[in-house]
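Please open the model in a viewer and keep the sequence panel at hand. The tour below proceeds from one selection to the next.

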Amino acid sequence: MKTSDRNPAAILRSLKKYSQPDAEEAPAEAGNHKEYTIDELAREGGSTVRNVRAYQDRGILPSPEKRGRTGIYTDVHLARLKIIGALLERGYTLNNIRDLLSAWEQGRELNDILGLEVAVTTWQTPSVPSYLDYQDLLNDFGEDITPEVMTKAVKLGYIIPEGMRLRIPYPRIYNAGKELSEAGVPLDAVLTHVTLVREEVDKLAERFIGMIIHHLVDEKYGDEALPEGEDVPKLADFITRIRPLADAVVSDELGRVLEKSINKILVDRLANVLAHIEKNG
């Protein structure tokens with residue numbers, strides 16, 4: 001990259017290509033549910049407005065609450081939208097999905113089913129997102145911010161362009177990256193290693209959740225059936241409560257491994273220094 005391309009003004013201009021049409025302010029809370037317009041729902045669910053309307057027409061997505069001429073959606077709709085998207089990615093058709101949902105809903109309380117969907121699809125880091133503008137990003141990371149690094153950060157979901165601002169879904173991760181960058185670790189290297197770490201964390205999460213599903217669902221219903229009766233709300237409630245348990249296990253284990261690794265690296269380095277002293281003594 002030419003030197004002229006690395007000055008803040010040039011980088012700022014190049015980053016603007018990641019801008020999307022101005023997003024509306026974050027949806028307000030309504031009781032226990034977040035609220036979304038159809039555009040916000042489609043964006044959060046990784047879909048399109050056209051698809052949302054098509055799913056409603058097919059009867060696989062509940063209709064929104066009408067307030068005047070505006071349809072208001074909630075996290076219940078978002079949960080269902082995410083499930084529809086995941087099933088479509090696996091090759092199922094809308095007819096398949098409609099039949100599946102219809103079969104599951106027969107003889108069951110719809111609220112319980114929707115409650116389970118919400119619990120499953122919203123079990124995420126309870127971080128309150130922060131917002132920055134592009135100049136803030138340059139101020140925080142300086143020349144570490146390049147179009148290539150920005151692409152990595154966006155793909156990882158740590159930075160989400162929204163109009164002329166940037167949404168930071170995980171402020172603690174952002175601040176950790178900033179501190180590492182200030183200490184001299186290139187941001188590009190941080191993101192590269194985060195990608196590798198994420199692959200391992202994905203495997204860890206799948207094993208942990210697999211254990212839960214095996215004992216709470218598979219042993220009772222087999223691996224080709226869904227929970228029913230009172231097990232549906234019970235499972236939803238348990239999923240919402242299990243996060244602290246998973247956090248405790250992962251956090252303590254990670255702390256143990258980090259301590260062990262840091263000590264090993266330090267001892268290895270000291271041993272190398274001693275060997276060098278003895279050799280040249």
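A residue is called buried under 20% relative accessible area, exposed over 50% and partly exposed in between, with a 1.4 Å probe and protein chains only. The model is predicted, so local features need pLDDT of at least 70 and side-chain atom pairs count only at pLDDT 80 or more, while totals for chains, interfaces and linings use all residues. Residues are numbered from 1 along each chain as its sequence is written, and side-chain values use heavy atoms, with hydrogens and water left out.

**Whole chain.** Begin with the full chain in a cartoon view: 11 helices and seven strands are present. Helices (H or I, at least four residues) and strands (E, at least two) are DSSP runs, numbered from the N terminus. Of the 281 residues, 30% count as buried. A surface view shows about 18300 Å² exposed, of which carbon and sulfur atoms supply 55%; accessible areas come from the Shrake-Rupley method with a 1.4 Å probe.

**Strands β2 and β3.** Select E35 and R67, whose side chains meet in a salt bridge at 2.6 Å, N to O. The term denotes a side-chain nitrogen of Lys or Arg within 4 Å of a carboxyl oxygen of Asp or Glu. R67 belongs to strand β3 (residues 65-67) and E35 to strand β2 (residues 33-36), so the pair ties together parts 32 residues apart in sequence. E35 is buried, at 14% relative accessible area, whereas R67 is partly exposed at 40%. Add E65 to the selection: E65 also forms a salt bridge with R67, with the closest N and O atoms 3.3 Å apart.

**Helices α8 and α10.** Next, select K152 and D188, a salt bridge whose closest N and O atoms are 2.8 Å apart. K152 lies in helix α8 (residues 147-156) and D188 in helix α10 (residues 187-221), 36 residues apart. K152 has 29% relative accessibility and counts as partly exposed; D188, at 35%, is also partly exposed. Then select E44, E162, R165 and R167, which salt bridges with shared partners join into one network.

**Helices α7 and α9.** Finally, select residues 134-141 (α7) and 171-183 (α9): the helix axes come within 9 Å and cross at roughly 40°. Axes are lines fitted to C-alpha atoms, for helices over the stretch in contact, and angles run from 0 to 180 degrees between N-to-C directions. How do the residues of this contact divide by type? Three are nonpolar, two polar and three charged.

Terms used
Nonpolar A, V, L, I, M, F, W, Y, C, P; charged D, E, K, R; others polar.
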